[in-house]
Amino acid sequence: MKLDRPDILGWLKTEDPAPLFLMADAVRRKFVGNAVHLRGLIEISNHCVRSCAYCGLRAENTLRRYRLSTEEFFSCVRRIDSLGFGTVVIQAGEDYGITTEWMVSIIKRIKAETPLAVTLSLGERPYEDLAAWREAGADRYLLRFETSDAVLYRKIHPSLPSRTSDRLEILRRLKSLGYEVGSGVMVGIPGQDYRSLAEDILTFRSLDLDMIGVGPFLPHPDTPLGRGELHSSIPEDQQVPNSEIMVLKVIALSRLACPWANIPSTTALATLNPQNGYELGLTRGANVVMPNFTPGRYRSLYAIYPNKICLSEPDTGGSALNRIRSIGRTVGKGTGGRRTPDGTLSECGERR
Ligand code: 5AD
């Protein structure tokens, strides 16, 4: 499909996105069908060594930090499996208390005891860790590049003293290790203009992403960006709004740019519109939902932004299923891995 920079810019700025939404929904149906894949999310730790200017878990913040025990973690895994989900997503801050070996043993045990695909979202870990976890059986890795504007990225995402942060390079390495690779951006970061957001979407395509996650930037009061401390150098009329409609446009354009990708309707979108944000994402290009299985007593501590809502257990099965059925879609069977252009599933294969 022809979708070049001017087309993307035009859609991002249009006041009539209805034709874009119809196209995205048709492309979604044609390439990935009516199934919505459920991924069970476990936020295994909220420790983080990074100082991202947007995130409530940044190292400087004093909040109660937790790391699940192996047994707490596996009781979540068993619930996800027993509900018939195909994938567990293991997410944390960049936490080196999650050792290479501990994660290897967790991945091996999930693979030995369940048919679940394993997705990791554990930050910018060294290559050796990513390789060891792939070797242990991990199938997918999520790492958003947040923005393709290098100057803005440096401002909001300071490197560790020991190494320069280069998420695009890590994404390429993940591909070469054989992971299915997911990335994405926040929409409406202060200082993000329309040109850079159009570039983000072109970057999704050039990276040939298997998964794309996008959501609105939501200001967290205990962060430099949330407090308005970082001053933007772009004209006001070029600033991308962090609005629901803008996120839906980016989801739709991501579907057109990457027709085969798995695209979630994200929690951040549903936080902006708790009533039907999930459904709107799913009818404008998305085909994945990620209900939260973090144990209740830790859930409020994983506050990357305020008022994060959750499609949550114990209503997980019910509420996610009802939302999916209410828009005439079906629940995906199997692990819901990327479908390749010849229609086959990639290697982690179908469940049952
Ligand atoms: N608003 C919206 N999204 C955020 N994330 C982190 N902080 C925020 C925020 N304040 C997103 C980032 C990160 C993902 C795990 O959560 O895109 O990659």
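**The ligand site and the cavities of the model**

The ligand sits in the largest cavity of this predicted model. The volume of the largest cavity is about 1000 Å³, and the search returned 1 cavity of 30 Å³ or more. Several elements each give two or more residues to the lining of this cavity, namely strand 1 (35–45), strand 2 (87–92), strand 3 (117–121), strand 5 (180–187), strand 6 (211–216) and helix 10 (267–272). In total, 48 residues line the largest cavity, and those nearest its centre are Gln91, Ser121, Arg144, Glu146 and Ile304. Divided by class, this lining comprises 25 nonpolar, 14 polar and 9 charged residues.

Around the ligand itself, the shell is made up of Tyr54, Cys55, Arg144, Glu146, Met186, Pro216, Phe217, Leu218, Ile304 and Tyr305. Of these residues, 8 are nonpolar and 2 are charged, while none falls in the polar class. Arg144, Glu146 and Ile304, which belong to this shell, are also among the residues that lie nearest the centre of the largest cavity.

Polar contacts to the ligand involve both side-chain and backbone atoms of the protein. A polar side-chain atom of arginine 144 is placed 2.9 Å from an oxygen atom of the ligand, and a polar side-chain atom of glutamate 146 is found 2.5 Å from an oxygen atom of the ligand. In the case of leucine 218, a polar backbone atom is the partner, with a separation of 2.7 Å from a nitrogen atom of the ligand. On its own the ligand has 400 Å² of accessible area, of which the protein covers 87%.

Apart from the ligand site, the second largest pocket was examined, and about 190 Å³ of space lies within it. The lining of the second largest pocket consists of 14 residues, with Arg125, Pro126, Arg163, Ile170 and Arg173 nearest the centre. At least two residues of this lining come from each of helix 5 (127–136) and helix 7 (167–176), and helix 7 provides the largest share, with 3 residues. By class, the lining of the second largest pocket divides into 5 nonpolar, 2 polar and 7 charged residues, whereas 25 nonpolar, 14 polar and 9 charged residues line the largest cavity.

Technical notes: Residues are numbered from 1 along each chain as its sequence is written. This is a predicted model: local features need pLDDT of at least 70, side-chain atom pairs count only at pLDDT 80 or more; totals for chains, interfaces and linings use all residues. Side-chain values use heavy atoms; hydrogens and water are left out. A residue is near a molecule or strand if one of its heavy atoms lies within 4 Å of it. A polar contact is a pair of N or O atoms within 3.5 Å; within protein, one must be able to donate a hydrogen and the other to accept it, and residues adjacent in sequence count only if both atoms are side-chain atoms. Accessible areas come from the Shrake-Rupley method with a 1.4 Å probe; for residues, only the protein chains shown count as cover. On a 1 Å grid over the protein atoms alone, a cavity is a set of points where a 1.4 Å probe fits but cannot get out, and a pocket is an open set with protein on both sides within 12 Å along at least five of seven lines; lining residues have an atom within 4 Å of a point. A molecule sits in a cavity or pocket if more than half of its atoms lie within 2 Å of its grid points. Ala, Val, Leu, Ile, Met, Phe, Trp, Tyr, Cys and Pro count as nonpolar, Asp, Glu, Lys and Arg as charged, and the others, Gly among them, as polar. Grid points are joined across faces, edges and corners, and a volume is the space filled by probe spheres set on the points. Helices (H or I, at least four residues) and strands (E, at least two) are DSSP runs, numbered from the N terminus.
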